[in-house]
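This briefing goes through the fold, the charged pairs, the nonpolar packing and one helix of a single protein chain. Please read it alongside the sequence and coordinates.

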Amino acid sequence: MLKIVIAGGFGAGKTTAVGAVSEITPLSTEEYLTEASADVDSLAGVEAKETTTVAFDFGRLSLPDAPMPLELFLFGTPGQDRFVDLWYDLSRGAVGAVVLVDTRRLESSFTPVSFFEDIGLPFVVAVNQFDGAHRYHPEQVRAALELPAAVPVVTCDARDTNRVAGVLLALVDHAVSCAASTNRAGHAPSTPLQDA
C-alpha cells in the first residue's frame, strides 16, 4: 500500500484526477464558491469553476497486474495557497506526489513545486491538457518551472483513467529510483517506500 499526494494550483484538475482512477466512490470535500471568496480565489482562466476542495479528496486504486502488485491511496490537496499548512499533514507518510499543472495558470504551480522540493518528497509534474489550452512541450514546462532534470514531466488528461494511472506509475517509478539512489548514498530511508 502506497500513499500518494495529488497537488496543484486552484482548478488544476486534482479532484477530477482522483475521481478518474478511483475504484471506490471518491471522498470529496467540494464546496460551492461564494462571493466571500471572490477576493482570494481568482477565477481568471477557470471562469466556469463553481466548486473547490476545502479539505482533501480521497480515492483508492489497486494495480494487481503491476510488476509488483500495488494498492494506491490517493489524497488530493486543496489548491489555494492558504491551505499549504494542510499539505504537510496530507504528505506525511506519502511516497511521492503528483503536481498537476494548468498551463493557462502556470504561476499557480510554483507553490506546490516549491513545497515538495522543500520537504524532500519525490514528485512528478503532470501537465493537464485542458481543452482549448495551448499544448507546450514538457521541456518547455520544465524550463518555465525551473525544474531539475531529475524531476519527470509528463502530459495527461485528468479525465482519462489510463492517462492518470500512467502518471501514478511514473511517480512510483520515480520514487523507487529516488529511494534506490538515497540508499546507495548511505542515507537512512525517509519514506515508507524505502522501507519496503
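A residue counts as buried under 20% relative accessible area, as exposed over 50%, and as partly exposed in between (1.4 Å probe, protein chains only). By that rule arginine 60 is partly exposed, because its relative accessibility is 26%. The model is predicted: local features need pLDDT of at least 70, side-chain atom pairs count only at pLDDT 80 or more, and totals for chains, interfaces and linings use all residues. Residues are numbered from 1 along each chain as its sequence is written, and side-chain values use heavy atoms, with hydrogens and water left out.

**Fold and surface**

- The protein chain has six helices and eight strands, where helices (H or I, at least four residues) and strands (E, at least two) are DSSP runs numbered from the N terminus.
- Their order along the sequence is β-α-β-β-β-β-α-β-α-β-α-β-α-α.
- Of the 196 residues in the protein chain, 48% are buried.
- Contact means heavy atoms within 4.5 Å. Among contacts between residues at least 6 apart in sequence, 71% join residues at least 24 apart.
- The accessible surface of the protein chain is about 9,700 Å², and carbon and sulfur atoms account for 54% of it. Areas of this kind come from the Shrake-Rupley method with a 1.4 Å probe; for residues, only the protein chains shown count as cover.

**Salt bridges**

- Side chains of opposite charge can pair when their charged atoms come close.
- The structure contains seven salt bridges, each defined as a side-chain nitrogen of Lys or Arg within 4 Å of a carboxyl oxygen of Asp or Glu.
- Glutamate 23 pairs with arginine 60 in one salt bridge, with 2.9 Å between the closest N and O atoms. Glutamate 23 is in the loop between α1 (14-21) and β2 (30-32) and arginine 60 is in strand β4 (residues 57-63), so that distant parts of the chain, 37 residues apart, are linked. Glutamate 23 is partly exposed, at 39% relative accessibility.
- Aspartate 89 and arginine 92 form a salt bridge at 3.3 Å, N to O. Aspartate 89 is partly exposed at 43% relative accessibility, whereas arginine 92 is exposed at 57%.
- Arginine 159 and aspartate 131 form a salt bridge at 3.0 Å, N to O. Arginine 159 lies in the loop between β8 (153-156) and α5 (161-184), and aspartate 131 in the loop between β7 (123-128) and α4 (138-145), so this pair ties together parts 28 residues apart in sequence. Aspartate 131 is exposed, with a relative accessible area of 57%.

**Surroundings of glutamate 71**

- Which residues are linked with Glu71 in a network of salt bridges? They are Glu23 and Arg60.
- Glutamate 71 is in strand β5 (residues 70-76) and is partly exposed at 25% relative accessibility.
- The side chains of glutamate 71 and arginine 60 share a polar contact of 3.5 Å. A polar contact is a pair of N or O atoms within 3.5 Å; within protein, one must be able to donate a hydrogen and the other to accept it, and residues adjacent in sequence count only if both atoms are side-chain atoms.
- Not counting residues up to four places away in sequence, glutamate 71 touches Met1, Leu2, Arg60, Leu61 and Ser62.
- Leucine 61 is 10 residues from glutamate 71 in sequence, with 5.8 Å from C-alpha to C-alpha.

**Nonpolar cores**

- A nonpolar core is a set of buried Ala, Val, Leu, Ile, Met, Phe, Trp, Tyr and Cys residues joined through side-chain atoms within 4.5 Å.
- The largest nonpolar core has 27 residues, and Ile4, Ile6, Leu72, Leu74, Val98 and Leu168 have the most contacts inside it.
- At least two residues of this core come from each of β1 (2-8), α1, β4, β5, β6 (96-101), β7 and α5. Helix α5 gives the most, with six residues.
- Beyond its neighbours within four places in sequence, leucine 72 is in contact with Leu2, Ile4, Gly59, Arg60, Leu61, Leu63, Leu168 and Val172.
- A second, separate core has 22 residues, including Trp87, Leu106, Leu121 and Val151.

**Helix α4**

- Pro138, Val141, Arg142 and Leu145 are buried in α4. These buried residues line one face of the helix, because they fall within an arc of 105° seen down its axis; the arc is that of the directions from the helix axis to the C-beta atoms.
- The buried residues of α4 pack against β6, α3 (110-119), β7 and β8.
- Glutamate 146 follows α4 and has a positive phi, near 55°.
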